[in-house]
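Please find below my notes on the model, set out as numbered points. They begin with the aromatic rings and then turn to the cores, the helices, the cysteines and a few local details.

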Amino acid sequence: FSDSSCDKPLIFVLSSGADPMAEIVRLAQKLGMMDKQQSVSLGQGQGPKATQAISSGKEQGLWVILQNCHLAPSFMPTLELLVEELNPEKLADTFRLWLTAMPSPEFPVSVLQNGLKMTNEPP
């Protein structure tokens with residue numbers, strides 16, 4: 001987390017059976033961000049909710065957690081644009097965009113290239 005910044009997404013590349021939410025929650029508790037996070041589990045129809053979460057998160061300095069990005073391929077072009085628009089001069093310092101996804105050809109390459117990538121092994 002110390003290597004992260006408000007304009008670079010933190011990307012958990014998932015493996016089967018892995019769920020990084022417990023780690024994110026533990027870190028949120030440690031850093032006093034438990035009541036300053038918004039999580040959206042992506043899937044059909046969740047794109048507008050995710051877009052709204054990012055918008056409010058940028059203004060309020062929230063942690064926005066978009067889970068299972070691989071389940072929303074139609075939202076990926078929108079996500080790519082939203083990430084490209086992240087400007088550190090216009091973001092609250094505490095804002096972080098967390099993304100979780102299985103490896104997927106639909107996941108935007110530019111987001112992967114500009115993000116901080118992590119893996120979480122299943123128990």
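1. A search of the whole structure, which is a predicted model, finds two aromatic pairs. In one of them Phe 12 and Trp 98 are stacked, with 6.2 Å from centre to centre and 15 degrees between the planes. This pair links distant parts of the chain, since Phe 12 belongs to strand β1 and Trp 98 to strand β4, 86 residues apart.

2. The rings of Trp 63 and Trp 98 make a pair with centres 5.2 Å apart, and their planes stand at 50 degrees, so this pair is tilted. Trp 63 is part of strand β3 and Trp 98 part of strand β4, so the pair ties together parts of the chain that are 35 residues apart in sequence. Phe 12, Trp 63 and Trp 98 together form one aromatic cluster.

3. Are the members of this cluster buried or exposed? Phe 12 and Trp 98 are both buried; for Trp 98 the relative accessibility is 2%, and Trp 63, at 1% relative accessibility, counts as buried as well.

4. The largest nonpolar core has 24 residues, and those with the most contacts inside it are Leu 42, Leu 66, Cys 69, Phe 75, Leu 79, Leu 97 and Leu 99. At least two residues of this core are supplied by each of α2, β3, α3 and β4, and the largest share, four residues, comes from α3. Leaving aside residues up to four places away in sequence, Leu 79 touches Ile 54, Leu 66, Cys 69, Leu 97 and Leu 99. Apart from this core lies another one, of 10 residues, among them Leu 14, Ile 24, Met 33 and Trp 63.

5. Which residues of helix α3, spanning residues 76-84, are buried? They are Met 76, Leu 79, Leu 82 and Val 83. Viewed down the axis of α3, these buried residues fall within an arc of 115 degrees, so they line one face of the helix. They pack against α2 (47-60), β3 (63-67), β4 (96-101) and α4 (109-114), whereas Leu 81 and Glu 84, on the other side of α3, are exposed.

6. Leu 81 deserves a separate remark. This leucine has its place in helix α3, and at 51% relative accessibility it counts as exposed, the cut-off for that label being over 50%. Between Leu 81 and Gln 46 there are 16 Å in space, C-alpha to C-alpha, and the two are 35 residues apart in sequence.

7. In helix α1, which runs over residues 21-30, Met 21, Ile 24 and Ala 28 are buried. Seen down the axis of α1, they fall within an arc of 60 degrees, so they too line one face of their helix. The elements that cover these buried residues include β1 (10-14), β2 (37-41), β3 and β4, while Gln 29 and Lys 30 are exposed on the other side of α1.

8. The structure holds zero disulfides. Cys 6 is in no disulfide, and the nearest cysteine sulfur, that of Cys 69, is 19 Å away. Why is Cys 69 not bonded to Cys 6? Its sulfur is 19 Å from that of Cys 6, the closest cysteine sulfur, and this is too far for a bond, given that a disulfide needs the two sulfur atoms within 2.5 Å. Both cysteines are nevertheless buried: Cys 6 has a relative accessible area of 9%, and Cys 69 has a relative accessibility of 1%.

9. Two backbone positions may be worth checking by eye. Asn 68, found in the loop between β3 and α3, has a positive phi of about 60 degrees although it is not a glycine. Gly 32, just after α1, takes a positive phi of about 70 degrees.

Note on methods. Residues numbered from 1 in each chain as written. Predicted model: local features only at pLDDT ≥ 70, side-chain atom pairs only at ≥ 80, totals over all residues. Heavy atoms only, no water. Buried < 20%, exposed > 50% of the residue type's maximum accessible area, 1.4 Å probe, protein only. Arc of directions from axis to C-beta. Contact = heavy atoms within 4.5 Å. Core = buried A, V, L, I, M, F, W, Y, C linked by side-chain atoms within 4.5 Å. Phe/Tyr/Trp six-rings, centres within 6.5 Å; stacked < 30°, edge-to-face > 60°.
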